[in-house]
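Here are my notes on this model, jotted down as I went through it. Have it open beside you while you read.

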Amino acid sequence: VRGVMTRARLQNESEAKKFRAIITIQKHSRRYIAVLRFKQTMNGIVGLQSVARGVMTRANLRNEAETRKLRAIITIQKHLRTFVAIHKYNKVMNGIVAKQAIVRGVMTRARLQNESEAKKFRAIITIQKHSRRYIAVLRFKQTM
């Protein structure tokens, strides 16, 4: 309403030109101020986004590092449990084999009543003893 009244008061052409010039200057200055505010707002938003992305990235890196540590712990546990299980298995098997050898020896000796069979048996045991020693020496040399 004021604009209409103001324009009605302007009688001559020079006042109308001045009025249009004033309106144009106001328009451009308001636009300039609006653009400045927009740029400031956008810079603030971009800064906040950058900070947020940094926080999220650091959190993800921490999670990845923790995940890697957890995987390493699980792998170590797996290998340790495997080692313990194998050790228990070997211990049981060695005990079983030793008991079997004792039982077989007792049974074999019980069957040998005759002296000649006992001599043959002692000869067999001596041959076994020497062959096992020979194999053990060979294995020892291979490890060196």
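1. Surface first. Bear in mind that this is a predicted model. The protein chain has an accessible surface of about 13,700 Å², and carbon and sulfur atoms account for 63% of that area.

2. On burial, there isn't much to report: of the 144 residues in the protein chain, just 3% count as buried. The cut-off behind that word is under 20% relative accessible area.

3. The fold is quick to describe. I get 3 helices and 0 strands for the protein chain, so going along the sequence the pattern reads α-α-α. Helix α2 covers residues 13-111, and this helix comes up again in the points below.

4. Have a look at the nonpolar patch on the surface. F38, M42, I45 and V46 make it, and its area is about 350 Å². V46 sits in helix α2.

5. Why can V46 be part of a surface patch? Patch members need over 30% relative accessible area, and V46 has 45%, so this residue clears that bar. Its label is "partly exposed" rather than "exposed", because the latter takes over 50%.

6. Now the largest pocket, with a volume of about 210 Å³. Its lining consists of V97, Q100, A101, I102, R104, G105, T108, R109 and F121. Which helix gives the most to this lining? That would be α2, with 8 residues.

7. As for the chemistry of that lining, the largest pocket has 4 nonpolar, 3 polar and 2 charged residues around it. When you check this by eye, note that G105, one of the lining residues, goes with the polar group because Gly is classed that way here.

Definitions and conventions:
Residues numbered from 1 in each chain as written. Predicted model: local features only at pLDDT ≥ 70, side-chain atom pairs only at ≥ 80, totals over all residues. Heavy atoms only, no water. Patch = residues over 30% accessible without salt bridge, like charges linked within 9 Å, V, L, I, M, F, W, Y side chains within 5 Å. Areas by Shrake-Rupley, 256 points an atom, 1.4 Å probe, with all protein chains shown as cover. Salt bridge = Lys/Arg side-chain N within 4 Å of Asp/Glu carboxyl O. Helix = DSSP H or I, 4+ residues; strand = E, 2+ residues; numbered from the N terminus. Buried < 20%, exposed > 50% of the residue type's maximum accessible area, 1.4 Å probe, protein only. 1 Å grid on protein atoms, 1.4 Å probe; cavity = no way out; pocket = protein on both sides within 12 Å on 5 of 7 lines; lining within 4 Å. Points joined across faces, edges and corners; volume = space filled by probe spheres on them.
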